[in-house]
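Trainee: I would like to take a close look at one part of this structure and follow how it fits with its surroundings. Could you walk me through it slowly, step by step?

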Amino acid sequence: MTFRLFASLATGAAALVLSAGAAFAAPDVQTLETDIGEVIADSEGMVLYTFANDEPGVSNCYEQCAVNWPPFFAEEGAMAEEPYSIVERTDGTLIWAKDGWPLYYWINDTEPGMTSGDGVGGNWDVARP
């Protein structure tokens with residue numbers, strides 16, 4: 001009986017560890033083919049962008065910028081896998097980055113696959129695979 005209880009507990013603990021690992025993996029992104037070529041999008045197909053005024057590992061889009069370009073937030077405890085990483089913003093929130101560059105949405109992209117933010121202000125580019 002003791003062995004069965006131990007085996008049951010060990011199996012349950014292993015399942016918990018595996019499910020926790022899956023919950024906190026790299027961001028759920030995909031590559032989409034669009035009218036401007038392949039881009040990176042979230043799991044819903046919403047295209048992601050990078051900001052030329054950022055630096056690798058540093059997000060510089062706040063206030064009205066972040067209203068127009070909402071960050072692609074990461075959950076607390078998320079673990080990154082290359083080429084993705086997590087950037088901590090000055091307000092303590094966490095966002096996903098690709099190759100060190102923070103990722104954002106464009107407020108005017110209202111449907112999956114839209115790329116209307118590419119080139120805005122000469123500072124925004126679609127994220128590429």
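Mentor: Let us begin with strand 4 and strand 5 of this predicted model, where strand 5 covers residues 94-98 and the two strands pair in the antiparallel sense over 5 bridges. Two of the residue pairs can be picked out by name: S85 stands opposite A97 of strand 5, and E88 has L94 of strand 5 as its bridge partner. Between strand 4 and strand 5 there are 5 residues, and the two strands together form a hairpin; in its turn, G92 has a positive phi of about 90 degrees.

Now turn to the other neighbour of strand 5, which is strand 6, joined to strand 5 by 2 bridges and running antiparallel to it. Here A97 appears again, this time standing opposite P102 in strand 6. Strand 5 and strand 6 also form a hairpin, with 2 residues between them, and D99 in that turn has a positive phi of about 55 degrees.

Putting these pairings together gives an open sheet of 3 strands in the order 4-5-6, with antiparallel pairing. Strand 4, residues 84-88, and strand 6 are the edge strands, since each of them pairs on one side only. As a general point, the strands of a sheet pair through backbone hydrogen bonds, either parallel or antiparallel.

How many of the residues of strand 5 are buried? The count is 5 of the 5, and therefore strand 5 is largely enclosed by the rest of the structure. If you look at its two faces separately, you find L94, W96 and K98 on one side and I95 and A97 on the other, all of them buried, so that both faces are covered.

The surroundings of strand 5 include the largest nonpolar core, which has 16 residues, and in which Y49, C61, W69, Y104 and W124 touch the most other members. Strand 5 is one of the elements that give two or more residues to this core, along with strand 2 (37-42), strand 3 (49-51) and strand 7. Apart from this core lies another, of 12 residues, and L94 is among them, as are A74, Y105 and A127. In soluble globular proteins, nonpolar side chains tend to be buried together.

To look more closely at one member of the largest core, take C61: leaving aside its neighbours within four places in sequence, C61 is in contact with F51, D54, A66, W69, R89, Y104 and W124.

Terms used
Residues are numbered from 1 along each chain as its sequence is written. This is a predicted model: local features need pLDDT of at least 70, side-chain atom pairs count only at pLDDT 80 or more; totals for chains, interfaces and linings use all residues. Side-chain values use heavy atoms; hydrogens and water are left out. Two strands pair if DSSP finds at least two bridges between them. Helices (H or I, at least four residues) and strands (E, at least two) are DSSP runs, numbered from the N terminus. Buried means under 20% relative accessible area, exposed over 50%, partly exposed in between (1.4 Å probe, protein chains only). A nonpolar core is a set of buried Ala, Val, Leu, Ile, Met, Phe, Trp, Tyr and Cys residues joined through side-chain atoms within 4.5 Å. Contact means heavy atoms within 4.5 Å.
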